[in-house]
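The following exercises concern the architecture of one protein. Each task is followed by a solution that proceeds step by step.

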Amino acid sequence: MYHYVRPTNPELPYFRHLHLEDFKKQLDYFAEQYGFCSMVDFLRSIKTGIPKTGVILTFDDGFSDHYQYVWPCLQERGLWGIFYIPTGPYHSAKLLDAHRIHMLLGKHGGRMICDALKDIVSEDMLSHAHIVEFRTLTYSRQKNDDYSNLVKRILNYYISYDYRQRVIDDLMSMFPPDERISTGQFYMSTEEIRQMQATGMIIGSHAVNHLVMSKLTTDNQEKEIKESFNFLEQITDGLTLRTFCYPYGGFYSFTEDTEKLLEDNGCLFSFNVESRDIDAFSLKNRLQALPRYDCNEFPYGSVRGQ
Ligand SMILES: [Zn+2]
């Protein structure tokens, strides 16, 4: 699993990303150590339930990094990848909240944003289960990166969705974003997505609004799934197949209902985040929650910008 892959941008000193050169080194490492699983072999293993060896590459969030830097690397090496796109930004022309948080942290660092957040967030904005946890949070952290993780936890999990957007809007007005950051630069264009699919890349859904699915009603989960697939079908003149990847990932980020909805909507397989190989059991019994490693669990995969 990859997210941001790019050269370092000095204007975003705290922006967490995998450096493009590290990505290339990691591809070399995978080639040598494990080899890559071809698309044909992978799809066959989905059908037969018999695992194949080799690495499969997935890229989340539809960043323009993937078109600009990743795609050329894959093409040079004759590799394929699965690209999971959240479709909301194509309707709203706005950055998703999750990514606005990354931009704020990348530019100003965790400590500064955390300080600002302390003044903005009140306990009535938190979902009940998290109030006690919030009260006991200590803000006396050592590293900037610890603060960044804290900010993400508060904004992604503790705050109820009724308030989150407003809190992030407040933060954005306190720390005005760089005007050059537009959705057009941040995410791939629909034309770029189409081009990638035409060269054998698989395009998958990462929902519409990149929310924690388990926090949504079943109806809203269904909307996220249906609308994102419909949009991707339209812009690509038909997807190669339907595949989904849970925003945030982890077993707490989706429910049995989510898996059933995916199944009912013709989704062939979905990716979770769980550090282990795809085994025969997963292929036979749990295609809507295939495990996946983070790139930082392998050599050269450490993020920069902390
Ligand atoms: Zn994501």
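**Exercise 1. Place R77 in its helix and classify its exposure.**

Step 1. R77 lies in helix α3, residues 64-77; helices (H or I, at least four residues) and strands (E, at least two) are DSSP runs, numbered from the N terminus.

Step 2. The model is a predicted one: local features require pLDDT of at least 70, side-chain atom pairs count only at pLDDT 80 or more, and totals for chains, interfaces and linings use all residues. Residue numbers start from 1 along each chain as its sequence is written.

Step 3. A residue is buried if 20 or more other C-beta atoms, placed from the backbone, lie within 10 Å of its own, exposed if 12 or fewer, and partly exposed in between. R77 has 13 C-beta neighbours inside 10 Å and therefore counts as partly exposed.

Step 4. H66 is eleven residues from R77 along the chain, and their C-alpha atoms are separated by 15 Å.

**Exercise 2. Describe the overall dimensions of the protein.**

Step 1. The protein contains 14 helices and seven strands. Its radius of gyration is 19 Å, close to the 19 Å that the globule rule gives for 306 residues, so the protein is as compact as a globular protein of that length. The radius is taken over C-alpha atoms, and the rule is 2.2 Å times the number of residues to the power 0.38.

Step 2. Along the principal axes, the C-alpha atoms fill a box of roughly 55 × 40 × 35 Å.

Step 3. Of the 306 residues, 35% are buried. Two residues are in contact if their C-beta atoms, placed from the backbone, lie within 7 Å; of the contacts with a separation of 6 or more, 70% are between residues 24 or more positions apart.

**Exercise 3. Which residues of α12 are buried, and what do they pack against?**

Step 1. Helix α12 (residues 218-236) has 19 residues and reaches 27 Å from its first C-alpha to its last, close to the 27 Å expected at 1.5 Å a residue. The expected span is 1.5 Å times one less than the number of residues.

Step 2. Q221, E224, I225, S228, F229 and L232 are buried in α12. These residues cover an arc of only 105 degrees around the axis, which puts them on the same side of α12; the arc is that of the directions from the helix axis to the C-beta atoms. An α-helix has 3.6 residues a turn, so residues three or four places apart point the same way.

Step 3. Exposed residues D219 and Q234 are carried on the face of α12 turned away from its buried side.

Step 4. The packing partners of the buried residues of α12 are β4 (82-85), β5 (202-205), β6 (243-245) and α13 (256-264). After α12 comes D237, with a positive phi near 60 degrees.

**Exercise 4. Relate β4 to its neighbouring strands and to the nonpolar core.**

Step 1. Two strands pair if DSSP finds at least two bridges between them. Strand β3 (residues 58-60) pairs with β4 in the parallel sense over three bridges, and F59 has F83 as its bridge partner in β4.

Step 2. β4 and β5 also pair in the parallel sense, over four bridges, with I202 of β5 as the bridge partner of I82.

Step 3. I82 and Y84 point one way from β4, F83 and I85 point the other way, and all are buried. In β5, I202 and G204 point one way and I203 and S205 the other way, and all are buried.

Step 4. A nonpolar core is a set of buried Ala, Val, Leu, Ile, Met, Phe, Trp, Tyr and Cys residues joined through C-beta atoms within 7 Å. The largest such core has 53 residues, and F83, M196 and I203 have the most contacts inside it.

Step 5. Neighbours within four places in sequence aside, F83 is in contact with F59, G62, H66, M196, M201, I203 and G204. A second, separate core of 17 residues includes Y14, I101, I113 and I154.

**Exercise 5. Identify the buried residues of α5 and their packing partners.**

Step 1. The twelve residues of α5 (residues 97-108) should span 16 Å at 1.5 Å a residue, and the end C-alpha atoms are 16 Å apart, which agrees.

Step 2. H99, R100, I101, H102, L104, L105 and G106 are buried in α5. They pack against α6 (110-120), α8 (144-158), α9 (161-174) and α10 (183-186).

Step 3. G109, just after α5, takes a positive phi of about 85 degrees.
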